[in-house]
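User: I should like to learn how to read an interface between two domains. Could you take me through one case, beginning with polar contacts?

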Amino acid sequence: MTLTQLEIFTLVAELKSFTLAAMQLNISQSAVSHAIKALEQDLNVSLFTREQNQITVTEIGGVLLVKAQHMLNIHEAMKQEAQAANGLKQGVLRIGSFGPGSSSGILPPLLKKYREQYPLISVIVDEGDDESVARWLLEKRVDIGFVILPDERFETFKVIEDQMVAILPLEHPLAAKDAVSLKELCQYPFNLTEAGSGKMVMALFHAQKLMPKIQFRTRQLLSTFALVGRGEAVSIVAQLAIPSDLNNIVIKPLNPKVERTVAFAITNESEISPATRAFIKIAKSLEIR
């Protein structure tokens, strides 16, 4: 078993494709297949099932995948620790982000400062919904990621306070109110965004024994904003995710107010790489608004 085999294993699992993994690694597909076969023989297990050109990680493969990623992380951390002895110069930092609120509202000033200080560190940002980011952290696919507090699975530090808000068409009957209740929103066609906070939004309604008139479900916030801007629906989103130049909708706080705390999370501070530690230091030093 080699680190190269583990790297190929984790990449095939991520991309669900031998061909795409070979293209990304700039090697032949046969080399990828050979590496996986050799690893399976060494471990005496099947890591993938292959049916109708679809690649799926087996149950034991999923267990070993977490350990493989952990081993690769330790290897990367060792390289960075050695480099850090002469000044942190090279390495990789992988960040899990859950959408425009974090990718556009929080990360830019942090990455700007980070790249100024560590220009040769390669920064990779993977974007997904809240649950995906948490899963990537647990699987060691990212070094650090955004979570909503409280989350006892991780070591965290607060980044910013946010709130859930109602977004309405400009001429909507509720647009003149100072704040909007969930019960009032239930009177109108509703767009449920599944871009990350969909489960949280539905939990808010269910807590009050309410059911919105869901007529649209969107996975992209741009689609949500477009629907509301055209007057076709109302919706609830995180305030941090709303672009500052959006002028065709009305933003209203909920009544009662619904706040959420955005934080950075890591799995174990004793195991983080120097590149991750340097990023955390910068994040804690900057005031994010």
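Analyst: A polar contact is a pair of N or O atoms within 3.5 Å, in which one must be able to donate a hydrogen and the other to accept it. The model shown here is predicted. Between domain 2 and domain 3, four residue pairs are in polar contact, with both residues at pLDDT 80 or more.

User: Which elements give two or more residues to the side of domain 2 that touches domain 3?

Analyst: They are helix H5 (100-103), helix H7 (130-138) and strand S10 (249-266). S10 contributes the most, with three residues. Sorted by class, this side of domain 2 has five charged, four nonpolar and two polar residues.

User: Where do the two domains lie in the sequence?

Analyst: The domain assignment places domain 2 at 87-158 + 260-283 and domain 3 at 161-258. Their C-alpha centres are 28 Å apart.

User: How is the size of such an interface expressed?

Analyst: Often as the accessible area lost when the parts come together. Here domain 2 and domain 3 bury about 990 Å² between them, and carbon and sulfur atoms give 52% of that area. On the domain 2 side, Pro100, Gly101 and Arg260 supply 51% of the area buried against domain 3, more than any other three residues. In terms of contacts, eleven residues of domain 2 meet 13 residues of domain 3.

User: How many salt bridges are found across the interface?

Analyst: A salt bridge requires a side-chain nitrogen of Lys or Arg within 4 Å of a carboxyl oxygen of Asp or Glu. By this rule there are three across the interface of domain 2 and domain 3. Lys158 and Glu161 form a salt bridge, with their closest N and O atoms 3.2 Å apart.

Technical notes
Residues numbered from 1 in each chain as written. Predicted model: local features only at pLDDT ≥ 70, side-chain atom pairs only at ≥ 80, totals over all residues. Heavy atoms only, no water. Domains from an automatic or database assignment. Contact = heavy atoms within 4.5 Å. Buried area = accessible area lost by both parts, 1.4 Å probe. Polar contact = N/O pair within 3.5 Å; in protein donor to acceptor, adjacent residues only side chain to side chain. Helix = DSSP H or I, 4+ residues; strand = E, 2+ residues; numbered from the N terminus. Nonpolar A, V, L, I, M, F, W, Y, C, P; charged D, E, K, R; others polar.
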